[in-house]
Each structure stands twice: as structure tokens, then as C-alpha cells.
Amino acid sequence: MTKATARAYPNIALVKYWGKRDSTLMLPLTGSMSMTLDDFPTTTTVERTPEAAADHFELNGEVIEGEPLRRVTKFLDLVREQAGIREFAAVRSKNEVPTAAGLASSASGFAALALAASKAYDLSLDPADVSRLARRGSGSATRSVIPHFAVWRAGDDETSVAEAIDAPDMRMIVVVVNAGNKEISSREAMKRTALTSPFNDAWVSSTEQALESMMSACADNDFTRIGRITETNALRMHATIQACDPPILYLAPTSLAIFNKVRELRESGLEAYATADAGPNVCVIARPEDADAVAAALVEFGSVRTMAPGPGAELLADSEA
Ligand code: DP6
């Protein structure tokens, strides 16, 4: 095959990945756990172009150059090396995620690219191999290969892949507070955290524990424990990031107002828990039967979208692209 199309969805970590042990192999400091969403997908077609002298990258119909193109080329170089094929490629992506809004577009983007490129270059990879490859593009992409809920182990180059984990059915209410560009990328902010945050070691050890607790809460089907671990881990990540020099503040006043509102909802008997990535948007988990009431309570803070656990990376027929 010389052309293939794949689709993947973003994921939101309930136990966060924040920091790398090896930035070439993209090995994380700790394991993490996430829910894959069922909306905001990225659909990517990779077509080998034997005549071309360079890769070509289009995002939402616009030709992209500079750093994003270099990142795609660097990623395709890995695929070419594995496949023993030198041909360049045209990559056409349609991204329904608000890019750089803290909704992890690089996760769906590199998961879709990993699957489409591996097919276009005739590699026969199983989901663990696709996850390992996606990791090289963006850490969080490792998990978007997997449907519903994923655990990504820290591991080494071979074992640092994501796999499915059973968790109770839940909904994720995404509150988009500000869909504009964030000030500093998670990649840069992770480096600054490791170099300057005095809380980094505590972050690493507490996240290792949080992941073990999360695995046992999932095995027990215990939504309350899952929620508590999720919210605590997110706020610890933000505390660690805020302690950088110079400091980094991803959470906006409205983000904090949502965390407070979610606590009030719990006090009034509606169980929900909040998390936030490297941006001001807040994602709230709730049991399926509570999701509408939770979403209704959050509309005053921004645009609200309720999502269910979604599919892993999948290949599409040409007609679906
Ligand atoms: C806060 O995966 O975007 O969303 O590996 O450098 O590409 P790179 O970073 P990225 O970081 C995601 C950070 C996070 C937490 C998470 O998804 O676990």
C-alpha cells in the first residue's frame, strides 16, 4: 500500500504524564492513565510521493511549514527507517480539535499519523507497536491508539506502550474556557518543570502512587476513588508547574471557578471530579446518569461538550477519508 487514512481521538489523562526521562525516545518520568474521547477526531491521510524531494504537510486544507512540518518529517523518518523505504510523503490532516487549546490535538494527531504512515509504508504493526511509534511523535499520543481507557507504562523503549484497562463507564464534560493559543507548549513547560520546579521529585513519586491507586480503583469499579485520584493528581500537576521559575500558570480564574463549582456539586450530592491539562479548559468526569445535570451546571463557564469513552486509532477506507 502507498496510501492510507487513519482516524484517532484525543484523550484526557486521569493520571497525568508530565515530564520525560528521555526526550529522544520520549520515555515519560511516570506512567499515566487516560480516557479516549469519542469526538474531536483527527483524520490523516499519508501518501507516498516517490517523485517529491521533501515531505508535504497540510492541516485543515492549509499547507504547513516550519516547526510543525519538521516534526512530521522527523516522525516519518522513523517510519522510513523501520520500513527501509526512503520515499517522502504527502500528509493531509483534518483536525476537529481546537489546536493548542489544551485539548491535546498532538495526541490524536500523532496517533492517526502513526497508524496511517505505518500502513502507507507497508509496516505490519499491532496496536502496541502503533502505540510505541505514536509515542515518538508526542507522549500523550501513545494512549490515543487505545480505545476507552488506557494505561501507559513508563517502561523502556520496548515496554513504554499503552494498553487497555477496564474502568467504570463515565462521561467527560469538556468545558472550553478559552479556545485560543496557550502561551507555552507542554513540551517546553515540562522541561522547565524538571529544571526549575522544587516540587518535581514529589510530583514523580506521588504520580507513581496515584497510578497504582488508580489501577486498583479501576479493578474495583470504584468511581469515587477514580474521581478523587483524578482531581488530586491534576491539581498536584498544576502546583508543580506553577512552582517553575519563571512560573507558568495554565489555569485561568474561570478554570478555578469550575473546580470550585464541581466541589459544590459534590457537596450537594452530584458526584463529579475535575481535571485540566496544559491550558485553561477543564474536563469533568461524572457517572453517565449524572452527566446531563453536571453539564447543565457548567454552561455558565464556557462551551460545554459531553463525551463518552471513544474508539482507538482506526484505519478508514478511502471513501471515508
Ligand atoms: C498535560 O503529550 O502534549 O496533557 O510528549 O512533549 O508531545 P509531548 O507532550 P504532550 O503532553 C501532554 C501533557 C498533558 C498530560 C497528559 O496528557 O497526560
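**The E13–E14 hairpin, its sheet and the two domains**

Student: How many residues does the hairpin use to join E13 to E14?

Tutor: The model is predicted. In it, a hairpin links strand E13 to strand E14. The number of residues it passes through is 6.

Student: Over how many bridges do E13 and E14 pair?

Tutor: E14 covers residues 282–286. Its pairing with E13 is antiparallel. Two of the facing positions are Ala272 opposite Ala286 and Tyr273 opposite Ile285. The pairing of E13 and E14 runs over 4 bridges.

Student: Which strands stand at the edges of the sheet, and why does each have one side without a neighbour?

Tutor: The sheet is open, with 4 strands and antiparallel pairing. Its order is E13-E14-E12-E15. Each edge strand has a single partner, so one side of it is left without a neighbour in the sheet. These edge strands are E13 (272–275) and E15 (303–307).

Student: What does the twist average from one strand to the next?

Tutor: Take the sheet in its order, E13-E14-E12-E15. From one strand to the next, the average twist is 25 degrees.

Student: Are the residues on the two faces of E13 buried or exposed?

Tutor: Ala272 and Ala274 lie on one side. Tyr273 and Thr275 lie on the other. Both faces are covered, and all of these residues are buried.

Student: Which helix lies across E13 and E14, and which helix touches E12, E13, E14 and E15?

Tutor: The helix across E13 and E14 covers residues 223–242 and runs at about 25 degrees to E13. The helix touching E12, E13, E14 and E15 covers residues 291–298, and its direction makes about 10 degrees with that of E12. In that order, they are H7 and H9.

Student: How far apart are the C-alpha centres of domain 1 and domain 2?

Tutor: The chain is divided into domain 1 (3–165) and domain 2 (171–307). In the contact between them, 24 residues of domain 1 meet 33 residues of domain 2. E2 (11–15) and E5 (32–36) each give two or more residues to the domain 1 side. The C-alpha centres lie apart by 23 Å.

Student: How many residues on the side of domain 1 that touches domain 2 are nonpolar?

Tutor: That side also has 5 polar and 4 charged residues. The nonpolar count is 15.

Student: Which residues come nearest the ligand?

Tutor: The shell around the ligand draws at least three residues from each domain. By class it holds 6 nonpolar, 6 polar and 3 charged residues. Of the 15 residues around the ligand, the nearest are Ala13, Tyr17, Ser138, Gly139 and Ser140.

Conventions: Residues are numbered from 1 along each chain as its sequence is written. This is a predicted model: local features need pLDDT of at least 70, side-chain atom pairs count only at pLDDT 80 or more; totals for chains, interfaces and linings use all residues. A residue is near a molecule or strand if its C-beta atom, placed from the backbone, lies within 6 Å of it. Ala, Val, Leu, Ile, Met, Phe, Trp, Tyr, Cys and Pro count as nonpolar, Asp, Glu, Lys and Arg as charged, and the others, Gly among them, as polar. Domain bounds come from an automatic or database domain assignment. Two strands pair if DSSP finds at least two bridges between them. Axes are lines fitted to C-alpha atoms, for helices over the stretch in contact, and angles run from 0 to 180 degrees between N-to-C directions. Two residues are in contact if their C-beta atoms, placed from the backbone, lie within 7 Å. A residue is buried if 20 or more other C-beta atoms lie within 10 Å of its own, exposed if 12 or fewer, and partly exposed in between; C-beta atoms are placed from the backbone.
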